[in-house]
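Reader: Can you walk me through this one? I'd like overall shape to start with, then the odd spots.

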Amino acid sequence: MTSVADTWGIHEAQFWLRGQAPEAPVRYDAQAGIWCVYGYREVQHVLANPATFSSNTQRVVPRDMLDGMDEFSEGNLIQMDALEHKKLRGLISHAFTPKVVADMEPRIAELTHELLDAVADGDRMELVDDLAYPLPVIVIAELLGVPASDRDKFREWGTALMESTQEFSFVERTETQRKRLQDAMQQVAKLGDYLREHVVDRRRNPREDLISKLVQAEVGGERLSDNEVVNFSNVLLIAGHITTTMLLGNSILCLDTHPEWLSRVRADRSLIPAAIEEALRYYSPFAGTARATTTEVELGGERIPADSLVVTFLGVANRDPKQFTDPDTFDPTRDPNPHLAFGRGAHFCIGAPLARLEGRVALNILLDRFPNLRSDPDRPPRFLPSLSMTGVRELPLLF
């Protein structure tokens, strides 16, 4: 029997969105050569212990699979641990302070209205293309200081990079996998070249933007290299909008498929933050995140060897019945709701406050402007065909 997950195109490997539970909190995937961590407590433990579970996963990837990737490692915040990570993260922490984020609200509202003005004359929209993608990418582009008008390029480069992680295996290194990684690196190189032009320009002509501040910043008495600023900006640009795009689309989908909650949220806007948090738990944008063990360790009743790749499945952990009552039920009154959608520990998503703000502002405006907002029965939503991400790529709406 065809399930909703199949109709929507949710990746077949995302078993937790098909009502299935893992057989154990930790298991070894011999075909892929990775350890899968599913249990909430176990995932939380991995993310909270960077000394044992390092973010530097490239260390355990076979060198032949990293051919040509060395230049992309400098300044890659996602791959850093300990003091190095703390120092570089500190460089952008000022861009996401509570006051700075709060001060962005008028601009986010202005952009939301501008984007919705473009579709208001009709009777339908496609939420991702019309709002959920352009809104966060414009915000992060303006923050960095790159033209938001180039957002179609960002989407092409970011999509190629994310698709490179599909059906990844250390054991069976197929030609398809090699070609996918090669294609992804070509797209990353294009984004790098694009950002490098802005970095070089800011060294000569600094402005009031984040790239200029990174160029001028010092870590340990030394300025960042061009590669470090480029790769740092790369992570911010790609990660800075993809999560919010999925957050917006998934939140609307959750409300639309639970009309009783849509009515309650429409009547009481104070419920919007809780509805967003529950959507983050229910459809966690990043299904998983990877770590590499630095020593042999016991986790979930299994002995994991040193130098192993460990993937924590955030989407599965956020539906662990040991942590969440009725985990397959969308319930914005869930309190507390300690989901792991934004990660945990030192690598907790630094842009989470901005993503939450964008979601709150956009949802309020959507509900204000379109009192009859609903999905198109003739055009079902379509999810990203991705193992590592859970989010709508198309959500046709009528109003």
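Author: Let's begin with a yardstick. The radius of gyration is taken over C-alpha atoms, and the globule rule is 2.2 Å times the number of residues to the power 0.38. Keep in mind that this is a predicted model.

Reader: What radius of gyration does the protein have, and what would a compact globule have?

Author: The protein has 21 Å. With 399 residues, a compact globule would be near 21 Å, so the two agree.

Reader: And what does the C-alpha trace span along the principal axes?

Author: About 55 × 55 × 40 Å.

Reader: How many helices and strands?

Author: There are 15 helices and 14 strands.

Reader: What share of the residues is buried?

Author: Buried residues are 53% of the 399. As for contacts with a separation of 6 or more, 72% of them join residues 24 or more positions apart.

Reader: Surface next. What is the accessible area, and how much belongs to carbon and sulfur?

Author: The accessible surface is about 17,900 Å². Carbon and sulfur atoms hold 50% of that.

Reader: Charges? How many positive and how many negative?

Author: The protein has 43 positive and 59 negative charges. Their mean positions lie 2 Å apart.

Reader: Switching to cysteines. How many disulfides?

Author: Zero.

Reader: Why is there no bond at C254?

Author: A disulfide needs two cysteine sulfur atoms within 2.5 Å. The closest cysteine sulfur to that of C254 belongs to C349, and it is 19 Å away, so that is too far for a bond.

Reader: Is C254 buried or exposed?

Author: C254 is buried, because its relative accessibility is 0% and the cut-off for buried is under 20%. C36 is buried as well, at 2% relative accessible area.

Reader: Now the backbone. Which peptide bond is cis?

Author: The one from D335 to P336, with omega near 5°. P336 sits in the loop between α14 (314-317) and α15 (352-369).

Reader: What about phi at D326?

Author: Phi of D326 is near 45°, which is positive in a residue other than glycine. D326 is also in the loop between α14 and α15.

Reader: Buried or exposed at D326?

Author: Exposed, with a relative accessible area of 52%. The cut-off for exposed is over 50%.

Reader: And D307: what is its phi, and where does it sit?

Author: D307 has a positive phi too, near 60°. The loop between β9 (302-304) and β10 (309-313) holds D307. At 48% relative accessibility, D307 counts as partly exposed.

Methods:
Residues are numbered from 1 along each chain as its sequence is written. This is a predicted model: local features need pLDDT of at least 70, side-chain atom pairs count only at pLDDT 80 or more; totals for chains, interfaces and linings use all residues. Side-chain values use heavy atoms; hydrogens and water are left out. Helices (H or I, at least four residues) and strands (E, at least two) are DSSP runs, numbered from the N terminus. Buried means under 20% relative accessible area, exposed over 50%, partly exposed in between (1.4 Å probe, protein chains only). Contact means heavy atoms within 4.5 Å. Accessible areas come from the Shrake-Rupley method with a 1.4 Å probe; for residues, only the protein chains shown count as cover. Lys and Arg count as positive and Asp and Glu as negative; His and the chain ends are not counted. The place of a charge is taken as NZ of Lys, CZ of Arg, CG of Asp or CD of Glu.
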